[in-house]
Amino acid sequence: MKFLVILLLIATVTPQAYSSALQCQDVLADSQNSSKRTLAELTAKYIDFKKQAPVRSRNYFQTLNEKYPRDQGQKAYEEWRKFAARDNKYLSKILAAIINTPASERLAFLRSQSREQLLKMEELLDAYLGMDIAEMDRAIDSELNASSRRELYGNEQIWYAPGGGQQTNWKGVFEVVDAMNLQPGQIVTDLGSGIGRLGFAIGLLRPDVQFVGLEIVKPRVEFAAAAAEKMGFANVHFVAGNLADHSLQLPHADHIYMFNPTTQETSDLLTHRLAELAKVKYFKVYIRNRIDSDNFAKYFDRISSGAVSVWERKK
């Protein structure tokens, strides 16, 4: 009897402030011929702008309170929307400048950064790795406008919201990769791979390891696969599939990651299928959030007649 190890990973602008944002137009104008120095400038501008967001918001909110009496709240709200739109437009320009930089330059820049520097980037990493989240959101919206969610995905969860929806953050992704203690030639599968962050981390950090991401939302699969190809990640693959489909063949893997990918009913089915696989192949399962680790472990132990050890990190 082979054993399965489960690892749980519990895991706006005043004129003065906005003028500083306009000072980097020279950087954006040169983005088509971006160098490592330019990428560093773009990254610093983005991080600094985001860091100062709470101060800008508080100052602008005070400005609106002084400008409008309480009975003119709608006017204040409309100005607030314009304010937020300016912020978003500026940040979108930086993201577009990064995405339009040749993939080889983006990859070289990322690999020159320390883990601490990479974590400071957060959502910037999506752009560096070629993921145009806004464009992907538009593709998902188009799909959902053409057909109902139930027609496309049944009762399954797709965790869709503007900005990529619910995804493992980059800090969590790097934690998972570290916990896996990967060996050359091993295979990692993400069941419910979302926008593909775990796969991109594998491509960036471990080109000697194979990755397969299984995701129900086809636009996510298409965008992630296209980005991985452009980045030259030959070891990273994304496949469309519904975990509720009994005929779906689960990829054989040494490490399996799940971040709340299914409904409870499908989760029960998936647990049983993983237990059956564990009878013929040793692998580890890494679970993050919203799944009751103790019940999962006990259930798996019972139906597989095997031993389950739980490694838990609560934040």
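Accessible areas here come from the Shrake-Rupley method with a 1.4 Å probe. For the chain in this predicted model, that surface comes to about 15900 Å², and 50% of it belongs to carbon and sulfur atoms. Of the 315 residues, 47% count as buried. As for secondary structure, the chain has 15 helices and 7 strands.

Next come the helix pairs. Two packed helices are described by the angle between their axes and the distance between the axes. Take helix α4, residues 53-67, and helix α5, residues 73-99: their axes come within 10 Å and cross at roughly 155°. Angles over 145 degrees count as roughly antiparallel, so α4 and α5 are roughly antiparallel to each other. Their crossing is right-handed. On the α4 side, the contact is made by R56, S57, Y60, F61, L64 and K67, while α5 brings in A76, E79, W80, F83, R86 and D87. Sorted by class, this contact has 6 nonpolar, 1 polar and 5 charged residues.

Helix α9 (residues 133-146) and helix α13 (residues 218-231) make another pair, with axes that come within 9 Å and cross at roughly 150°. That angle makes α9 roughly antiparallel to α13. Here, too, the crossing is right-handed. The residues that meet are E135, M136, A139, I140 and E143 in α9 and K218, P219, R220 and F223 in α13. They divide into 5 nonpolar and 4 charged, with no polar residue in the contact of α9 with α13.

Helix α13 also holds A228. With a relative accessibility of 1%, A228 counts as buried, because buried means under 20%. So what does A228 touch, leaving aside its neighbours within four places in sequence? The answer is F200, F233, V236 and F238. A228 can also be paired with L129: they sit 99 residues apart in sequence, yet their C-alpha atoms are 7.7 Å apart in space.

Now for α11 and α12. Helix α11 covers residues 170-180 and helix α12 covers residues 197-205; the two axes come within 10 Å and cross at roughly 60°. At that angle, α11 and α12 are therefore oblique to each other. As α11 passes α12, the crossing is right-handed. From α11, the contact takes in W170, V173, F174, V176, V177 and M180, and from α12 it takes in R197, L198, F200, A201, I202 and L205. The class count for α11 with α12 is 11 nonpolar, no polar and 1 charged. Two of these names link to other parts of the picture. F200 is one of the residues in contact with A228. L198, for its part, lies 9.3 Å from G172, C-alpha to C-alpha, although 26 residues separate them in sequence. G172 belongs to helix α11, and its 1% relative accessibility means that G172 counts as buried.

What about the loop between α11 and β2? This loop leads to β2 at residues 187-191, and N181 has its place there. N181 has a positive phi, near 45°, in a residue other than glycine. That is worth a remark: most residues other than glycine have a negative phi. Is N181 buried or exposed? Its relative accessibility is 55%, so N181 counts as exposed, since the cut-off for exposed is over 50%. G185 is found in the loop between α11 and β2 as well. At 55% relative accessibility, G185 counts as exposed. In sequence, G185 and D254 are 69 residues apart, but in space the C-alpha to C-alpha distance is 9.7 Å.

Another positive phi turns up at E122, which is not a glycine: the value is about 45°. E122 lies in the loop between α7 (115-121) and α8 (124-128). Its relative accessibility of 24% means that E122 counts as partly exposed, because this class runs between the 20% and 50% cut-offs.

Methods. Residues numbered from 1 in each chain as written. Predicted model: local features only at pLDDT ≥ 70, side-chain atom pairs only at ≥ 80, totals over all residues. Heavy atoms only, no water. Helix = DSSP H or I, 4+ residues; strand = E, 2+ residues; numbered from the N terminus. Buried < 20%, exposed > 50% of the residue type's maximum accessible area, 1.4 Å probe, protein only. Axes fitted to C-alpha atoms, helices over the stretch in contact; angles between N-to-C directions. Parallel < 35°, antiparallel > 145°, perpendicular 65-115°, else oblique. Left-handed = near helix turned anticlockwise from the far one by under 90°. Contact = heavy atoms within 4.5 Å. Nonpolar A, V, L, I, M, F, W, Y, C, P; charged D, E, K, R; others polar.
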